[in-house]
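Hello,

Here is the structure I promised to pass on to you. Have a look at it first, and then read on for what turned up in it.

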Amino acid sequence: MPRSQPPLISPSILSADFSALGQAVKDIDIAGADMIHIDVMDGHYVPNLTIGPMVVKALRPHTTKPFDVHLMISPVDTLIPAFIEAGADIISIHPDSGPHLHRSLQSIKSAGKKAGLVLNPGTPVDVVDPVIDLLDLILVMSVNPGFGGQSFIESQVDKIRRLRKKIDATGRDIILEVDGGVNPKTAIDCIEAGATALVAGSAVFNGSGSYAENIAAIRDANRSTTKVA
Ligand SMILES: O=C(CO)[C@@H](O)[C@H](O)COP(=O)(O)O
Ligand SMILES: [Fe+2]
């Protein structure tokens, strides 16, 4: 069942022009982004190296939209405070990126920030159970983490559905976000399965329309009007 509210759209700046990231953040803000997705990779947890807290801090004055920071770094604990200090609003971590998941999430919450847990395509849904009371967001990876521009892994749609049920059972408004290969076509299944936020890098920055049109096409994706050919 599609939900009554449209999903939040969180463009990933991994697909932006890295020589002009500040301008990219301003542009997607004006184009209607609800959040700014920042992919932090360490060349260790994932085979790619991107940006650190200094860049996040430099981008902070360019928008008032929430920074949705996806940490693909291990060990994660020692760097969480630096991203909080840099201006992150939501910090999402992978369950296998540190020795004590509950403690890591507590450190985010105790700083007054929103905490997210990321499930890779190979991560079972039950990983959320022992920590769901600490979660403001659950992020379903619909590609293996590390790179933008990969193809959406369809088997993750069932995982979104199963997480939707778990979230509904809590009675809390936990954001259910999907990340990887999201475009106006794949967004339809995500929305129908119960996603409430969608990350999109390539589809926003390299899509056929303006940033505003590309964001709107994902947000408004539905089976009757979106071209799926
Ligand atoms: O976390 C990641 C990749 O590890 C993502 O946030 C990607 O950056 C999304 O890019 P597209 O798949 O939308 O191009
Ligand atoms: Fe991401």
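**What turned up**

D39 counts as buried, because 24 C-beta neighbours lie inside 10 Å of it. Before going further, please keep in mind that this is a predicted model. D39 lies in strand β2, and, not counting residues up to four places away in sequence, D39 touches S12, L14, T50, H70 and M72.

I began with D39 on account of the annotation. UniProt, in an unreviewed entry, lists D39 and D179 under "active site". Although these two are spread over 141 residues of sequence, they cluster in space, with a largest C-alpha distance of 10.5 Å.

The record also has a "binding site" feature, again from an unreviewed entry, placed at H37, D39, H70 and D179. These residues span 143 residues in sequence, yet no two of their C-alpha atoms are more than 10.5 Å apart, so they gather at one spot.

Two members of that group deserve a look of their own. H70 is found in strand β3, residues 67-72. Is H70 buried or exposed? H70 counts as buried, because it has 28 C-beta neighbours inside 10 Å. Leaving aside neighbours within four places in sequence, H70 is in contact with H37, I38, D39, V40, S92, V118, L139 and D179. The other annotated positions, H37, D39 and D179, are thus among the contacts of H70.

D179 is found in strand β7, which covers residues 175-179. D179 is buried as well, with 25 other C-beta atoms within 10 Å. Apart from residues up to four places away in sequence, D179 touches H70, L139, M141, S142 and V199.

**A neighbour in β2**

V40 also has its place in strand β2. V40 is buried, with 25 other C-beta atoms within 10 Å. Which residues does V40 touch, not counting those up to four places away in sequence? They are T50, I51, G52, V69, H70, L71, M72 and I73. For the last of these, the C-alpha atoms of V40 and I73 are separated by 7.1 Å, with the two residues 33 apart along the chain.

**Around the ligand**

There is a ligand in the model too. Ligand 1 is surrounded by 22 residues, and the closest are L14, P145, G148, G201 and S202. Strands β2 (36-41) and β8 (197-200) and helix α7 (202-205) each supply at least two residues of this shell. By type, the shell divides into 8 nonpolar, 12 polar and 2 charged residues.

**Two helices with a buried side**

Now for the helices, starting with α5. Helix α5 runs over residues 156-170, 15 residues in total, and reaches 21 Å from its first C-alpha to its last, close to the 21 Å expected at 1.5 Å a residue. Its buried residues are Q156, V157, K159, I160, L163 and I167. They cover an arc of only 145° around the axis, which puts them on the same side of α5. An α-helix has 3.6 residues a turn, so residues three or four places apart point the same way.

The face of α5 turned away from that buried side carries the exposed residues D158, K165, D168 and A169. What covers the buried residues of α5? The cover includes β5 (114-119), β6 (137-141), β7 and α6 (186-193). Just after α5, G171 takes a positive phi of about 75°.

Helix α4, residues 101-110, can be read in a similar way. In α4, the buried residues are S104, L105, S107 and I108. Seen down the axis of α4, they fall within an arc of 155°, so they line one face of the helix. On the face of α4 turned away from its buried side sit the exposed residues H102, R103 and S110. The cover over the buried residues of α4 includes α3 (80-86), β4 (90-93) and β5. Strand β5 is therefore named in the cover of α4 as well as in that of α5. G112 follows α4, and its phi is positive, near 80°.

If you only have a few minutes, I would start at the annotated positions H37, D39, H70 and D179, and then turn to the shell around ligand 1.

Best wishes

Note on methods. Residues numbered from 1 in each chain as written. Chains lettered and ligands numbered in written order. Predicted model: local features only at pLDDT ≥ 70, side-chain atom pairs only at ≥ 80, totals over all residues. UniProt positions renumbered as here; feature names shortened; annotations may be inferred. Helix = DSSP H or I, 4+ residues; strand = E, 2+ residues; numbered from the N terminus. Buried ≥ 20, exposed ≤ 12 C-beta atoms within 10 Å, placed from the backbone. Contact = placed C-beta atoms within 7 Å. Near = placed C-beta within 6 Å. Nonpolar A, V, L, I, M, F, W, Y, C, P; charged D, E, K, R; others polar. Expected span 1.5 Å × (residues − 1). Arc of directions from axis to C-beta.
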